[in-house]
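Subject: Structure handover

Hello,

Here is the structure I said I would pass on. My notes on it follow below.

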Amino acid sequence: MKDRNNQIKIAVLDHSPEIGGAEASILTLSRNIDQSHFNITVILPSRGNFSRELEKTGVPVHIIYLPLELIRLKRGKVFRSFFFIMAYFLFLHFFLIKLCIYLKKNRFDLILTNTVKAHLYGSVAAYLCGIPLLWRFHDLLSPGDFSPTLIKIISLFGKFFPKKILAVSKTTEDYLVKNGIKENKIEVIFSGIDQD
(Lines give C-alpha, C1' and ligand atoms only; values in the text may rest on other atoms or scores of the structure.)
Protein backbone atom coordinates (compact mmCIF):
# COMPACT_ATOMS: atom_id res chain seq x y z
CA MET A 1 0.00 0.00 0.00
CA LYS A 2 1.34 3.43 -0.94
CA ASP A 3 0.53 6.59 0.99
CA ARG A 4 -1.56 9.40 -0.46
CA ASN A 5 1.55 10.94 -2.08
CA ASN A 6 2.08 7.65 -3.95
CA GLN A 7 5.19 6.89 -1.89
CA ILE A 8 6.18 3.53 -0.46
CA LYS A 9 6.68 3.96 3.28
CA ILE A 10 9.83 2.18 4.50
CA ALA A 11 10.90 1.76 8.13
CA VAL A 12 14.68 1.28 8.35
CA LEU A 13 15.79 -0.44 11.57
CA ASP A 14 19.36 -0.15 12.81
CA HIS A 15 20.64 -0.79 16.34
CA SER A 16 23.61 1.61 16.40
CA PRO A 17 23.55 5.24 17.54
CA GLU A 18 27.03 5.70 16.02
CA ILE A 19 28.22 5.59 12.41
CA GLY A 20 29.87 2.43 11.12
CA GLY A 21 29.91 0.91 7.66
CA ALA A 22 26.29 -0.28 7.79
CA GLU A 23 25.12 3.13 8.97
CA ALA A 24 27.16 4.94 6.30
CA SER A 25 25.25 2.95 3.67
CA ILE A 26 21.94 4.21 5.07
CA LEU A 27 23.25 7.78 5.03
CA THR A 28 24.20 7.37 1.35
CA LEU A 29 20.78 5.85 0.62
CA SER A 30 18.94 8.63 2.42
CA ARG A 31 20.81 11.34 0.50
CA ASN A 32 20.14 9.74 -2.88
CA ILE A 33 16.77 7.99 -2.65
CA ASP A 34 14.00 9.10 -5.01
CA GLN A 35 11.70 10.85 -2.52
CA SER A 36 8.88 10.99 -5.04
CA HIS A 37 8.59 7.20 -4.75
CA PHE A 38 9.98 6.34 -1.32
CA ASN A 39 9.40 7.77 2.13
CA ILE A 40 11.88 6.42 4.68
CA THR A 41 11.95 6.74 8.45
CA VAL A 42 14.94 5.41 10.40
CA ILE A 43 14.11 3.82 13.75
CA LEU A 44 16.95 3.73 16.28
CA PRO A 45 17.21 2.71 19.96
CA SER A 46 19.23 5.80 20.98
CA ARG A 47 20.35 9.23 19.79
CA GLY A 48 23.94 9.74 18.62
CA ASN A 49 26.05 10.79 15.65
CA PHE A 50 24.01 8.61 13.31
CA SER A 51 20.66 10.19 14.20
CA ARG A 52 22.16 13.69 13.97
CA GLU A 53 23.59 13.05 10.49
CA LEU A 54 20.29 11.56 9.31
CA GLU A 55 18.38 14.58 10.55
CA LYS A 56 20.74 16.86 8.61
CA THR A 57 19.62 15.09 5.42
CA GLY A 58 15.97 15.65 6.35
CA VAL A 59 15.25 11.97 7.05
CA PRO A 60 12.76 11.44 9.88
CA VAL A 61 14.33 9.61 12.83
CA HIS A 62 12.25 7.93 15.50
CA ILE A 63 13.85 6.81 18.77
CA ILE A 64 12.51 3.82 20.69
CA TYR A 65 14.75 3.66 23.72
CA LEU A 66 16.90 0.69 24.68
CA PRO A 67 19.62 0.96 27.37
CA LEU A 68 23.10 1.52 25.93
CA GLU A 69 24.38 -1.59 27.74
CA LEU A 70 22.06 -3.69 25.57
CA ILE A 71 22.75 -1.75 22.37
CA ARG A 72 26.52 -2.18 22.81
CA LEU A 73 26.31 -5.81 23.88
CA LYS A 74 28.97 -7.80 22.05
CA ARG A 75 27.98 -10.83 20.00
CA GLY A 76 27.74 -13.94 22.14
CA LYS A 77 27.81 -12.10 25.51
CA VAL A 78 24.07 -12.14 26.28
CA PHE A 79 24.17 -15.21 28.50
CA ARG A 80 26.72 -14.07 31.07
CA SER A 81 24.32 -14.13 34.05
CA PHE A 82 20.75 -15.03 34.91
CA PHE A 83 20.01 -11.46 36.04
CA PHE A 84 21.36 -10.02 32.82
CA ILE A 85 19.28 -12.48 30.73
CA MET A 86 16.09 -11.48 32.58
CA ALA A 87 16.85 -7.77 32.25
CA TYR A 88 17.71 -8.17 28.58
CA PHE A 89 14.45 -9.92 27.71
CA LEU A 90 12.36 -7.56 29.85
CA PHE A 91 13.73 -4.47 28.10
CA LEU A 92 13.48 -6.19 24.71
CA HIS A 93 9.84 -7.13 25.38
CA PHE A 94 8.83 -3.51 26.05
CA PHE A 95 10.95 -2.31 23.12
CA LEU A 96 9.14 -4.70 20.75
CA ILE A 97 5.72 -3.59 22.01
CA LYS A 98 6.58 0.07 21.40
CA LEU A 99 8.10 -0.76 18.01
CA CYS A 100 5.00 -2.67 16.87
CA ILE A 101 2.68 0.13 18.02
CA TYR A 102 4.74 2.68 16.08
CA LEU A 103 4.93 0.53 12.92
CA LYS A 104 1.19 -0.15 12.89
CA LYS A 105 0.18 3.40 13.74
CA ASN A 106 2.29 4.79 10.86
CA ARG A 107 1.20 2.09 8.38
CA PHE A 108 4.60 1.23 6.93
CA ASP A 109 4.63 -0.80 3.70
CA LEU A 110 8.07 -2.35 4.23
CA ILE A 111 10.68 -2.89 6.94
CA LEU A 112 14.38 -2.86 6.02
CA THR A 113 16.74 -4.09 8.74
CA ASN A 114 20.37 -3.05 8.48
CA THR A 115 22.35 -4.77 11.28
CA VAL A 116 22.33 -8.21 12.89
CA LYS A 117 20.61 -7.08 16.11
CA ALA A 118 18.04 -5.21 14.01
CA HIS A 119 17.53 -8.34 11.84
CA LEU A 120 16.55 -10.31 14.94
CA TYR A 121 14.21 -7.87 16.69
CA GLY A 122 12.98 -6.49 13.36
CA SER A 123 12.02 -9.99 12.22
CA VAL A 124 9.80 -10.47 15.26
CA ALA A 125 8.23 -7.02 14.84
CA ALA A 126 7.60 -7.54 11.12
CA TYR A 127 5.97 -10.91 11.80
CA LEU A 128 3.74 -9.52 14.57
CA CYS A 129 2.72 -6.51 12.45
CA GLY A 130 2.28 -8.40 9.17
CA ILE A 131 4.67 -6.10 7.30
CA PRO A 132 7.02 -7.44 4.57
CA LEU A 133 10.67 -7.56 5.65
CA LEU A 134 14.01 -7.18 3.87
CA TRP A 135 17.41 -7.73 5.47
CA ARG A 136 20.43 -5.73 4.30
CA PHE A 137 23.22 -8.12 5.28
CA HIS A 138 26.70 -6.63 5.73
CA ASP A 139 28.46 -9.37 7.72
CA LEU A 140 30.15 -12.68 6.99
CA LEU A 141 28.18 -15.39 8.76
CA SER A 142 31.34 -17.20 9.80
CA PRO A 143 32.73 -18.70 13.05
CA GLY A 144 35.35 -15.94 13.07
CA ASP A 145 32.62 -13.33 13.54
CA PHE A 146 29.78 -15.16 15.31
CA SER A 147 29.36 -17.93 17.86
CA PRO A 148 27.98 -21.24 16.52
CA THR A 149 24.71 -20.67 18.44
CA LEU A 150 24.25 -17.19 17.00
CA ILE A 151 24.96 -18.46 13.47
CA LYS A 152 22.17 -21.02 13.92
CA ILE A 153 19.75 -18.37 15.22
CA ILE A 154 20.53 -15.92 12.41
CA SER A 155 20.22 -18.70 9.81
CA LEU A 156 16.87 -19.84 11.23
CA PHE A 157 15.51 -16.28 11.25
CA GLY A 158 16.90 -15.72 7.74
CA LYS A 159 15.11 -18.79 6.39
CA PHE A 160 11.78 -17.89 7.92
CA PHE A 161 11.25 -14.12 8.24
CA PRO A 162 12.65 -11.92 5.45
CA LYS A 163 11.13 -11.94 1.95
CA LYS A 164 14.62 -11.23 0.59
CA ILE A 165 18.13 -10.82 1.97
CA LEU A 166 20.16 -8.13 0.23
CA ALA A 167 23.82 -9.13 0.57
CA VAL A 168 26.51 -6.46 0.16
CA SER A 169 28.93 -8.83 -1.61
CA LYS A 170 29.21 -12.24 -3.26
CA THR A 171 31.27 -13.46 -0.28
CA THR A 172 28.49 -12.38 2.09
CA GLU A 173 26.03 -14.33 -0.06
CA ASP A 174 28.30 -17.40 -0.08
CA TYR A 175 28.40 -17.54 3.73
CA LEU A 176 24.61 -17.18 3.95
CA VAL A 177 24.13 -20.06 1.49
CA LYS A 178 26.74 -22.14 3.33
CA ASN A 179 24.60 -21.74 6.46
CA GLY A 180 21.45 -23.05 4.82
CA ILE A 181 19.74 -19.99 3.36
CA LYS A 182 18.50 -20.65 -0.17
CA GLU A 183 20.32 -18.80 -2.92
CA ASN A 184 17.07 -17.63 -4.54
CA LYS A 185 16.22 -15.74 -1.34
CA ILE A 186 19.44 -13.68 -1.57
CA GLU A 187 20.24 -10.86 -3.93
CA VAL A 188 23.68 -9.23 -4.10
CA ILE A 189 23.36 -5.45 -4.20
CA PHE A 190 26.65 -3.65 -3.66
CA SER A 191 26.72 -0.63 -1.38
CA GLY A 192 26.35 2.67 -3.17
CA ILE A 193 29.22 5.15 -3.27
CA ASP A 194 28.73 8.87 -2.81
CA GLN A 195 30.95 10.25 -5.59
CA ASP A 196 31.15 13.65 -3.89
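Helices here are DSSP runs of H or I with at least four residues, strands are runs of E with at least two, and both are numbered from the N terminus. On that basis the protein has seven helices and seven strands. Please keep in mind that this is a predicted model.

Overall layout

Read from the N terminus, the elements follow the order β-α-β-α-β-α-α-β-α-β-α-β-α-β. The protein has 196 residues, and 47% of them count as buried. Among contacts with a separation of 6 or more, 60% are between residues 24 or more positions apart. The exposed area of the protein is about 10900 Å², with 58% of it supplied by carbon and sulfur atoms.

Helix α6

Helix α6 covers residues 148-160, which makes 13 residues. At 1.5 Å a residue it should span 18 Å, and its end C-alpha atoms are 19 Å apart, so the two figures agree. The buried residues in α6 are Leu150, Ile151, Ile154, Ser155, Phe157 and Gly158. Viewed down the axis of α6, these buried residues fall within an arc of 165 degrees, so they line one face of the helix. Cover for them comes from elements that include α5 (116-129), β5 (133-137) and β6 (164-167). On the face turned away from the buried side, α6 carries the exposed residues Pro148, Lys152, Leu156 and Phe160.

Around helix α1

Two residues are worth a look here: Glu23, in helix α1 (residues 21-32), and Ile19, in the loop between β1 (8-13) and α1.

Is Glu23 buried or exposed? Its relative accessibility is 5%, and because buried means under 20%, Glu23 counts as buried. Leaving out residues up to four places away in sequence, Glu23 touches Asp14, Ser16, Glu18, Phe50, Asn114 and Thr115.

Ile19 is partly exposed, with a relative accessible area of 40%. With the same sequence neighbours left out, up to four places away, Ile19 touches Ala24, Leu27, Asn49, Phe50 and Glu53. Phe50 is thus a contact of Glu23 and also of Ile19. Ile19 and Gly48 are 29 residues apart in sequence, while their C-alpha atoms are 8.6 Å apart in space.

Salt bridges

Side chains of opposite charge can pair when their charged atoms come close. The structure holds five salt bridges, including the three described below.

One of them joins the side chains of Arg31 and Glu53, at 3.9 Å from N to O. Arg31 lies in helix α1 and Glu53 in helix α2 (residues 49-56), so this pair ties together parts that are 22 residues apart in sequence. Arg31 is partly exposed, at 41% relative accessible area, and Glu53 is partly exposed as well, at 23%. Glu53 also appears above among the residues that Ile19 touches.

Another salt bridge links the side chains of Arg47 and Glu55, with an N to O distance of 2.9 Å. Arg47 has a relative accessible area of 49% and is partly exposed; Glu55 is partly exposed too, at 38%.

A further salt bridge is formed by the side chains of Asp174 and Lys170, at 2.7 Å from N to O. Asp174 and Lys170 are four residues apart in helix α7 (residues 170-178), which means that about one helical turn separates them. The relative accessible area is 39% for Asp174, which is partly exposed, and Lys170 counts as partly exposed at 45% relative accessibility. Salt bridges that share partners also join Arg31, Glu53 and Lys56 into one network.

A nonpolar patch

Which residues make the nonpolar surface patch of about 390 Å²? They are Leu90, Phe94, Ile97 and Ile101. Ile101 is found in helix α4 (residues 82-105). With a relative accessible area of 53%, Ile101 is exposed, because the cut-off for exposed is over 50%.

Regards

Definitions and conventions: Residues are numbered from 1 along each chain as its sequence is written. This is a predicted model: local features need pLDDT of at least 70, side-chain atom pairs count only at pLDDT 80 or more; totals for chains, interfaces and linings use all residues. Side-chain values use heavy atoms; hydrogens and water are left out. Patches are made of residues with over 30% relative accessible area and no salt bridge: like charges are joined within 9 Å, nonpolar side chains (Val, Leu, Ile, Met, Phe, Trp, Tyr) within 5 Å. Accessible areas come from the Shrake-Rupley method with a 1.4 Å probe; for residues, only the protein chains shown count as cover. A salt bridge is a side-chain nitrogen of Lys or Arg within 4 Å of a carboxyl oxygen of Asp or Glu. Buried means under 20% relative accessible area, exposed over 50%, partly exposed in between (1.4 Å probe, protein chains only). The expected span of a helix is 1.5 Å times one less than its number of residues. The arc is that of the directions from the helix axis to the C-beta atoms. Contact means heavy atoms within 4.5 Å.
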